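Colleague: Hello! I am new to reading models like this one, so may I ask how you know the things you say about it?

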Amino acid sequence: MPIKVGDTAPNFTLPAQNGSTISLQNFRGKNVVLYFYPKDDTPGCTAESCAFRDQYEVFKSAGAEVVGVSSDSIESHQRFAAKYNLPFTLLTDKGDQVRKLYGATAAFGLFPGRVTYVIDQQGVVQYVFDSMFNFKGHVEEALKTLQQIAAK
């Protein structure tokens, strides 16, 4: 069952590109933009990740952490982050266990899904954006949602 608005975001622990282990609960007290993407260094995923990079300071100003998740290896994430100067955490979800937990599964039955979740400081999902091809929409919608959270 996919995670939806109003659900408590399930906790998870995954390895990050810097070699550390990250749990969602590490971010309690901050808003989190958790985005699942299919594969490092592919055109769509690069466009999406670079769009998050370009707005990263805006996300930080809104009290949010950006976290990307794919099944790529730590080494692949390291190369991808270095190549495009990505300032945020990329997590390795080997076997797609966390992707399945969130319901961010295969698009068209072929590719891992491209889904972004905005999670508030209490760990509640405030927005879900699911679009395989609207790469920049993931960033725009997440920022809009964070502005709405701040206005409450």
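Colleague: Let me begin with one residue: why is Cys45 called buried?

Modeller: Good place to start! Cys45 has a relative accessible area of 1%. Buried means under 20%, exposed means over 50%, and partly exposed is in between (1.4 Å probe, protein chains only). The value of 1% is under the 20% limit, so Cys45 counts as buried. Before we go on, please keep in mind that this is a predicted model, in which local features need pLDDT of at least 70 and side-chain atom pairs count only at pLDDT 80 or more, while totals for chains, interfaces and linings use all residues. Residues are numbered from 1 along each chain as its sequence is written, and side-chain values use heavy atoms, with hydrogens and water left out.

Colleague: Where is Cys45 found, and what is it in contact with?

Modeller: Cys45 is part of helix H1. Helices (H or I, at least four residues) and strands (E, at least two) are DSSP runs, numbered from the N terminus. Leaving aside its neighbours within four places in sequence, Cys45 is in contact with Tyr37, Pro38, Lys39, Phe80 and Arg114; contact means heavy atoms within 4.5 Å. There is also a record to mention: UniProt, in an unreviewed entry, places the feature "active site" at Cys45. UniProt positions are given in the numbering used here, feature names are shortened, and such annotations may be inferred rather than shown by experiment.

Colleague: How do you know how many disulfides there are?

Modeller: A disulfide is a pair of cysteine sulfur atoms within 2.5 Å, and by that rule the count comes to zero. For Cys45, the nearest cysteine sulfur is that of Cys50, 11 Å away, so by the 2.5 Å rule Cys45 is in no disulfide. Cys50 is in no disulfide either, with the sulfur of Cys45 as its nearest, 11 Å away. Cys50 has a relative accessible area of 12%, so Cys50 is buried too.

Colleague: What makes Gln55 partly exposed?

Modeller: Gln55 has 29% relative accessibility, which is why Gln55 counts as partly exposed. Its place is in the loop between H1 and H2. Not counting residues up to four places away in sequence, Gln55 touches Val139 and Leu143. The C-alpha atoms of Gln55 and Leu143 are separated by 8.8 Å, although these residues are 88 residues apart along the chain.

Colleague: And why is Asn85 called exposed?

Modeller: Asn85 reaches 58% relative accessibility, so Asn85 counts as exposed. This residue lies in the loop between H3 and E5, and Asn85 has a positive phi of about 50° although it is not a glycine. Asp96, in the loop between E5 and helix H4 (97-102), also has a positive phi, near 55°, and is likewise a residue other than glycine.

Colleague: Now the strands. In what order do the five strands of the open sheet come?

Modeller: The order is E5-E4-E3-E6-E7, and the pairing is mixed. Two strands pair if DSSP finds at least two bridges between them. The edge strands are E5 (89-92) and E7, as each pairs on one side only. On average, neighbouring strands are turned by 20° against each other, direction ignored.

Colleague: How do you know that the pairing is mixed?

Modeller: Look at the pairs in turn. E3 and E4 run parallel, joined by six bridges, and Tyr35 stands opposite Gly68 in E4. E4 and E5 also pair in the parallel sense, over four bridges, with Leu91 in E5 as the bridge partner of Val69. E3 and E6, however, run antiparallel with five bridges; there, Phe36 has Val115 as its partner in E6.

Colleague: What makes E4 mostly covered?

Modeller: Seven of its seven residues are buried. Ala64, Val66, Gly68 and Ser70 lie on one side, with Glu65, Val67 and Val69 on the other, so by the accessibility limits both faces of E4 are covered.

Colleague: How do you know that the span of helix H5 agrees with what is expected?

Modeller: The expected span is 1.5 Å times one less than the number of residues. For the 17 residues of H5 (135-151) that gives 24 Å, and the end C-alpha atoms are 26 Å apart, which agrees. H5 lies across E3, E4, E6 and E7, at about 165° to E7; axes are lines fitted to C-alpha atoms, for helices over the stretch in contact, and angles run from 0 to 180 degrees between N-to-C directions. Among the buried residues of H5 are Val139, Leu143 and Leu146.
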